[in-house]
Amino acid sequence: MNAVVLSLLFLFLATAALWHRERLRANALLRDLRAHQSTLEQQLEGVRAEERERIHADLHDDISAKLLSLIHSSRDPHQVDAAQSILQDLRDIVSHARGAPGTLLEVLGAIRTESTQRMHTLGGQLLWTQAPTLPDSDLAPGHALHLHRIVREAISNAVVHGAANAISIAVDHADYRLHLSIRDDGHGIDTHSPQGRGTRNMRARTATLGGSIEWKASTPSGTEVQLSLPLALESARIPS
């Protein structure tokens, strides 16, 4: 092997070693950049979360204070109910934005408490019946919000448009579906094609949940809202 060949071989090996060393340095630099980027993204998300929390707190505290003042100062039960409904909507929105978790039974319990308080404020009565074997499944915050709003709107329609004094809500399940019946003793509404933004929103929310909703004439008077929703059985827990 002559000197030229040896020189070329040495040059090749030196170049290969240099290329390998630079490649390792480049990979290390890339890892450092990615780690730095990840740290920056985490810090940015932390700042965003803090800002969202501050906005939520300001929104809740400011508007809640005004609504509570209206609730305590008003002598009109319907005005108090409207203010309480707005306040609950606000709390729902904040809870949803924060991703507050909840199970089906927890959400139904909250709905029952809220509905009972509403009817008490209006001088009316709420009768709640619930199947003891209802499975308890996890609910996404958005689904809990929709269920709250549907029942809340049904009560508002019964009281405001139907002049109802008593409402009965029955909760049951069958064929892997949750069934809610909301009946009132008011003068009723057009059950063939109920109109209004409230009923349209109820239909839209029900569709989002993959369910069905219909309005029927109640006996001896009033209206019955029948709501059927699929149960999330993959995370269901059957009460013992």
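Helices (H or I, at least four residues) and strands (E, at least two) are DSSP runs here, numbered from the N terminus. The model you have open is predicted, so to speak of a local feature takes pLDDT of at least 70, side-chain atom pairs count only at pLDDT 80 or more, and totals for chains, interfaces and linings use all residues. Residues are numbered from 1 along each chain as its sequence is written, and side-chain values use heavy atoms, without hydrogens or water.

**First stop: helix α3**

Select residues 104–121, the 18 residues of α3. With an expected span of 1.5 Å times one less than the number of residues, this helix should cover 26 Å, and its end C-alpha atoms are indeed 26 Å apart.

Now colour Leu-104, Val-107, Leu-108, Ile-111, Glu-114, Ser-115, Arg-118 and Met-119, which are buried in α3 (buried is under 20% relative accessible area, exposed over 50%, partly exposed in between, with a 1.4 Å probe and protein chains only). They cover an arc of only 130 degrees around the axis, so they sit on the same side of α3; the arc is taken from the directions from the helix axis to the C-beta atoms.

Turn to the face away from that buried side, and you will meet the exposed Glu-106 and His-120. Just past the helix, pick Gly-123, which follows α3 with a positive phi near 75 degrees.

**Second stop: the β4–β5 loop**

Most residues other than glycine have a negative phi. Select Asp-175, between β4 (166–174) and β5 (177–184): its phi is positive, near 55 degrees, and Asp-175 is exposed at 69% relative accessible area. In this loop between β4 and β5 you will also find Tyr-176, with a positive phi near 60 degrees and a relative accessible area of 63%, which makes Tyr-176 exposed.
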